[in-house]
Amino acid sequence: MSRQWTVDARVSQADQDKWNLRYREGTYAIRKHPSALLEEWLPKLKIREAHPRAIDVACGTGRNAIYLARRGWHVDAVDISQVALDHLTETATTENLPITCIQMDLEGTSRRPADLFTADRYDLAIMIRYTNMPLVDTLKDVLSAGGYLIVEEHLVAEADVVGPRNPKFCVPPGVLRDAAAGLDIVAYREGIVTDPDGRPAALAQLVARAPR
Ligand SMILES: C[S@@+](CC[C@H](N)C(=O)[O-])C[C@H]1O[C@@H](n2cnc3c(N)ncnc32)[C@H](O)[C@@H]1O
């Protein structure tokens, strides 16, 4: 199983430091469970390949990449935080999982992020709880025919929920659905869900499929 680092020299130091600190402080340490959206939909995806390829952007310590790799997926796992990727590499090495970690600034790169991914096409692209709407277009471009896009974003909400306080890092209603234009929408919902750790989250959730 190959696991490698592809380090992009243009990673923003300030953003990297911010996220490294959060991971060092254990901010997401209790969030080990995979995304409930991914758990719900993965068994329903119509995938023919025995070892399909997935990309997990802003993967963090890889709760979702690990979930996929344990089920036979080859996963490119991308994040700005080396601390988070170190955790993921350790798990992938211990379990011999086919995960390739890529350190990359998904906002700051001068090249299109897709030029820095390891594959031309993916059967599944996931972006969970990382707000970067322009990146949705990039992910659409790297889907294979019939490939799936699963995105979960914090929704702008008045309620006391988990997630960013700054509305800049949340999506207004309808924006994620609009971003999926050109794909077939398999499922879309917005609302408050209870996370597996019991905390409420206001989310926009999308499952979409590239035309075959
Ligand atoms: C809230 S965490 C979500 C992590 C993971 N997707 C999950 O669901 O557990 C947001 C992630 O986005 C990453 N991130 C933030 N800005 C980034 C950037 N400019 N480029 C790449 N990753 C970034 C952070 O390091 C962090 O791991």
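By a pocket I mean an open set of grid points, on a 1 Å grid over the protein atoms alone, with protein on both sides within 12 Å along at least five of seven lines. With that in place, and bearing in mind that what you see here is a predicted model, let me start with the largest pocket, whose volume is about 1100 Å³. Its lining is made up of 37 residues, and those closest to its centre are Trp19, Arg22, Tyr28, Arg129 and Tyr130. When we ask which element gives the most to this lining, the answer is H1, with 5 residues, while H1 and helix H3, residues 63-69, each supply at least two. In composition, the lining of the largest pocket divides into 14 nonpolar, 9 polar and 14 charged residues.

Let me turn next to the second largest pocket, for which the volume comes out at about 320 Å³. Here 17 residues form the lining, with Arg31, Lys32, Thr61, Ile66 and Thr91 the closest to the centre. The elements that contribute two or more residues to it are H3 and helix H4, which spans 82-95, and the largest share, 4 residues, comes from H4. This second lining divides into 7 nonpolar, 5 polar and 5 charged residues.

Now to the aromatic rings, of which the structure holds 4 pairs. The ring centres of Trp19 and Tyr23 are 6.5 Å apart and their planes meet at 35 degrees, so this pair is classed as tilted, given that the tilted class covers whatever is neither under 30 nor over 60 degrees. Both residues belong to helix H1, residues 13-24, where they are 4 residues apart, about one turn of the helix. As for burial, Trp19 has a relative accessible area of 25% and is therefore partly exposed, whereas Tyr23, at 13%, counts as buried, because the limit for buried is under 20%. Another pair, Phe117 with Tyr122, is edge-to-face, at 6.3 Å centre to centre and 80 degrees between the planes, and both of these residues are buried. Returning to Trp19, ring pairs link it with Tyr23 and Tyr28 into a cluster, and Trp19 and Tyr28 are also among the residues closest to the centre of the largest pocket.

Finally, there are charges placed over rings. The charged end of Lys44 sits over the ring of Trp41, 4.3 Å from the ring centre, and Arg71 lies over the face of Tyr67, at 3.7 Å from the centre of that ring.

Methods:
Residues are numbered from 1 along each chain as its sequence is written. This is a predicted model: local features need pLDDT of at least 70, side-chain atom pairs count only at pLDDT 80 or more; totals for chains, interfaces and linings use all residues. Side-chain values use heavy atoms; hydrogens and water are left out. Rings of Phe, Tyr and Trp (its six-membered ring) pair if their centres lie within 6.5 Å; planes under 30 degrees apart count as stacked, over 60 as edge-to-face and the rest as tilted. Buried means under 20% relative accessible area, exposed over 50%, partly exposed in between (1.4 Å probe, protein chains only). A charge sits over a ring if NZ of Lys or CZ of Arg is within 6 Å of the ring centre and within 35 degrees of the ring normal. On a 1 Å grid over the protein atoms alone, a cavity is a set of points where a 1.4 Å probe fits but cannot get out, and a pocket is an open set with protein on both sides within 12 Å along at least five of seven lines; lining residues have an atom within 4 Å of a point. Grid points are joined across faces, edges and corners, and a volume is the space filled by probe spheres set on the points. Ala, Val, Leu, Ile, Met, Phe, Trp, Tyr, Cys and Pro count as nonpolar, Asp, Glu, Lys and Arg as charged, and the others, Gly among them, as polar.
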